[in-house]
Amino acid sequence: MIWSNYRKLAAWLVVLAFWPLLAGCSVYSFTGTSIDPSVKTISIQTFQNTASNGPSFLAQRFTEEFKDYFQRNTTLKLVPRNGDLQFEGQIVAYDFAPAAIQSQNGVDQAGVNRLTIQVRVRYTNTQDPKQDFEQTFQSYGDFPATQDIARINNDPVALRRIMLNIITDAFNKSVANW
């Protein structure tokens with residue numbers, strides 16, 4: 001009976017010890033965001049593809065992945081325009097190039113090819129303009145030399161992995177304040 005009371009007391013002491021960490025000055029959520037409670041909406045404009053060699057579907061797919069990520073990881077309501085948080089930008093580079101040159105029988109050839117995507121993101125926080133930014137985010141994926149760009153473009157998993165790295169970086173910079 002006495003041990004039971006000590007356990008309850010110990011549990012309460014642990015809760016009290018960690019309470020200040022969870023009840024700090026800023027707003028915290030378990031998704032890692034620190035969004036002011038006055039921020040309720042988000043608008044994400046279509047990211048235009050200004051890269052000269054990107055596939056035609058890239059802008060639409062990137063924009064949809066961007067919207068999905070923010071909807072899954074925040075409670076913000078997506079609105080067509082004039083959200084409390086606003087995103088827009090361009091896909092500025094879509095480069096496919098050899099990344100690891102190997103010599104076979106005296107002939108130099110690619111051992112690995114690298115697809116690099118760069119996206120320029122403009123972020124506006126209408127509630128706190130000090131958090132506004134414009135930045136280019138970049139990510140890449142390495143692929144076997146036997147895999148050409150057409151095959152990679154038709155592989156939604158390969159492109160999605162690269163795009164999600166960029167989206168995660170933009171998410172962390174904007175609403176996670178990393």
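These exercises walk through one predicted protein model. Local features need pLDDT of at least 70, side-chain atom pairs count only at pLDDT 80 or more, and totals for chains, interfaces and linings use all residues. Residues are numbered from 1 along each chain as its sequence is written, and side-chain values use heavy atoms, with hydrogens and water left out.

**Exercise 1. The fold**

Task: State how many helices and strands the protein chain has, and give their pattern.

Solution:
- Count the elements: the protein chain has four helices and six strands. Helices (H or I, at least four residues) and strands (E, at least two) are DSSP runs, numbered from the N terminus.
- Read along the sequence: the pattern is α-β-β-α-β-β-β-β-α-α.
- Look at contacts (heavy atoms within 4.5 Å). Among those between residues at least 6 apart in sequence, 68% join residues at least 24 apart.

**Exercise 2. Buried or exposed?**

Task: Sort Asn113 and Asn82 into buried or exposed.

Solution:
- Fix the cut-offs: buried means under 20% relative accessible area, exposed over 50%, partly exposed in between (1.4 Å probe, protein chains only).
- Take Asn113, in strand S5. Its relative accessible area is 9%, so Asn113 is buried.
- List the neighbours. Leaving out residues up to four places away in sequence, Asn113 touches ten residues' worth of surroundings that include Phe96, Pro98, Asp142 and Gln147.
- Take Asn82, in the loop between strand S3 (77–78) and S4. Its relative accessibility is 64%, so Asn82 counts as exposed.
- Check the backbone of Asn82: phi is near 60°, a positive value in a residue other than glycine.
- Set this against the whole chain: of 178 residues, 34% count as buried.

**Exercise 3. Two helices**

Task: Compare the span of H2 and of H4 with the expected values.

Solution:
- Define the expected span: 1.5 Å times one less than the number of residues.
- Apply this to H2. Its 16 residues should span 22 Å, and its end C-alpha atoms are 22 Å apart, so the two agree.
- Apply this to H4. It has 19 residues and reaches 26 Å from first C-alpha to last, close to the expected 27 Å.
- Find what covers the buried residues. For H2, the cover includes S1, strand S2 (48–49), S3, S4, S5 and H4. Those of H4 pack against H2, S4, S5, S6 and helix H3 (149–153).

**Exercise 4. The core**

Task: Which element gives the largest share of the largest nonpolar core?

Solution:
- Define the core: a set of buried Ala, Val, Leu, Ile, Met, Phe, Trp, Tyr and Cys residues joined through side-chain atoms within 4.5 Å.
- Size the core: the largest one has 35 residues, and those with the most contacts inside it include Phe62, Phe66 and Phe70.
- Name the contributor: H4 gives the largest share of this core, nine residues.
- Zoom in on Phe62. Beyond residues up to four places away in sequence, Phe62 touches Phe47, Ile91, Val119, Met163, Ile166 and Ile167.

**Exercise 5. Around Ile35**

Task: Where is Ile35 in the chain, and is Ile35 buried or exposed?

Solution:
- Locate Ile35: the loop between helix H1 (2–22) and S1.
- Read the accessibility: at 14%, Ile35 counts as buried.
- Look across the chain. Ser174 is 139 residues away in sequence, yet the C-alpha atoms of Ile35 and Ser174 are separated by 9.2 Å.
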